[in-house]
Amino acid sequence: MDFKELGLIEPILKALSQEGYSNPTPIQQQAIPLVLQQQDLLGCAQTGTGKTAAFAIPILQLLYQQKQHVPGIKVLILTPTRELAIQINDSFAAYGRHTGISHTVIFGGVSQLHQTIALKKGVDVLIATPGRLLDLMSQGFINLRHLQIFVLDEADRMLDMGFINDVKKVIVRLPEKRQTLFFSATMPPEIQKLANVLLTNPAKVEVTPVSSTVDAIEQSLYYVAKQDKNKLLLHLLKDSSIANVLVFTRTKHGADKVVKILQKENITAAAIHGNKSQNARQNALNNFKNGNVRVLVATDIAARGIDIDDLGHVINFELPEVPETYVHRIGRTGRAGNTGIAFSFCDADEKAELKDIQKVIGKTIPVNSEHPYPLAADAQPTPAAPKQQQRQHFKPRGNKFNGQKRNDKRKFSPAKG
Ligand code: AMP
């Protein structure tokens, strides 16, 4: 199937071809016609499936085809993180470049001045994180009277990140007559309840659960003692075919430590985590994307929603405690049909996590023992590993690997060729 068959208009087709997209992804194939028919939509899909374009493209088309141009915000997209908000805004810029439809993005952690200037000029599409949206609404900068379409993106993460009450506060301010598109990777009860309240006779679309995307990624496991992990990382990075790599640590402090060690060995590296300012995080990300930095070290929270095209490698410097996080981490690589490679370090304290991860992905990760720092065969876990301290901030998300979905072997076979 190509995009033309979805009934898209020329200005959008032209932009998609400039983006290098030749075929719609499965979620785009399903969602675009439904949104164009102005139906409410419940989309079970995660980042990496092409879900942003699945809603951005038909929204742009609906706005473009409106006969009368009513001034004011016609589309509101709520998303949990600044990084996602920026990416969605970039998507509207890319797909809408020949449509003349205006859009802007607002998020917290930065001065509101540029955002309010953009709002005053008037925009068709507003992309926002919940806190800043409420803040600017209460200051009178935002009027949603003319809203036609509301998109709630990553609803389950809104819940994880404690934004659900803010989301509810926004919802009560929306006009009742509107089209609503609701996206969530998982459907815990509270999110299901919210979907029931928000949606009217929704069409449902569901694509590849993460468990099967993982099959496309070449995974290997390195048993290594905790104190040898730095050396093993440096050893692996001697391979110049590793052009860029995203390294995951469990803690912010751990991320900073890894960056220091790499920089000492003249390897370009930067960290992104919650203690860094929004500007520092964006700079690190930009430098990584444009190739000035070879290694980006991140904690799970900071890496949420970050989209890096052509990421070749992911390294789990430490295994995550929540097994599903492993799938999210390695799913950063191997996007849009590229092959991805994921290395995972496992020390004596992490064997329980490894077992859980392998249960979730339904296979044993192949072990690479051809490295200079193998874990001694009789290595025992440290008696008092400080697990509880590290656990306290993490709230496991709903398990999407239950029942049917777990066995769903449909693949996201993107759009090339
Ligand atoms: P998303 O799931 O929205 O985060 O998108 C994941 C990545 O896939 C982004 O880098 C998009 O630019 C890319 N993408 C989305 N749709 C297509 C498509 N039809 N063909 C190729 N790449 C795509």
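Q: Which residues in H9 do Ile 164, Val 167, Lys 168 and Ile 171 in H8 meet?
A: This is a predicted model, so start with what it shows for the H8 side. There, Ile 164, Val 167, Lys 168 and Ile 171 make the contact. By class, the contact of H8 with H9 has 6 nonpolar, no polar and 2 charged residues. The partners in H9 are Glu 190, Ile 191, Leu 194 and Leu 198.

Q: Is H8 roughly parallel or roughly antiparallel to H9?
A: H8 covers residues 164–171 and H9 covers residues 189–198, and their axes sit 12 Å apart. The two pack at an angle of about 5°. Angles under 35 degrees count as roughly parallel, so H8 and H9 come out roughly parallel.

Q: How far does helix H12 reach from its first C-alpha to its last?
A: H12 runs over residues 252–264, which gives 13 residues. At 1.5 Å a residue, 18 Å is expected. The model comes close to that, with a reach of 19 Å.

Q: Where around H12 do its buried residues lie, on the same side or on opposite sides?
A: Look at Gly 254, Ala 255, Val 258, Val 259 and Leu 262, the buried residues of H12. What covers them includes helix H11 (229–237), strand S10 (269–272) and strand S11 (295–298). The buried residues cover an arc of only 140° around the axis, so they lie on the same side of H12.

Q: Which exposed residues does the face of H12 turned away from its buried side carry?
A: The buried side has Val 258 and Leu 262 among its residues. Turn to the face pointing away from it, and you find His 253, Lys 260 and Lys 264.

Technical notes
Residues numbered from 1 in each chain as written. Predicted model: local features only at pLDDT ≥ 70, side-chain atom pairs only at ≥ 80, totals over all residues. Heavy atoms only, no water. Axes fitted to C-alpha atoms, helices over the stretch in contact; angles between N-to-C directions. Helix = DSSP H or I, 4+ residues; strand = E, 2+ residues; numbered from the N terminus. Parallel < 35°, antiparallel > 145°, perpendicular 65-115°, else oblique. Contact = heavy atoms within 4.5 Å. Nonpolar A, V, L, I, M, F, W, Y, C, P; charged D, E, K, R; others polar. Expected span 1.5 Å × (residues − 1). Buried < 20%, exposed > 50% of the residue type's maximum accessible area, 1.4 Å probe, protein only. Arc of directions from axis to C-beta.
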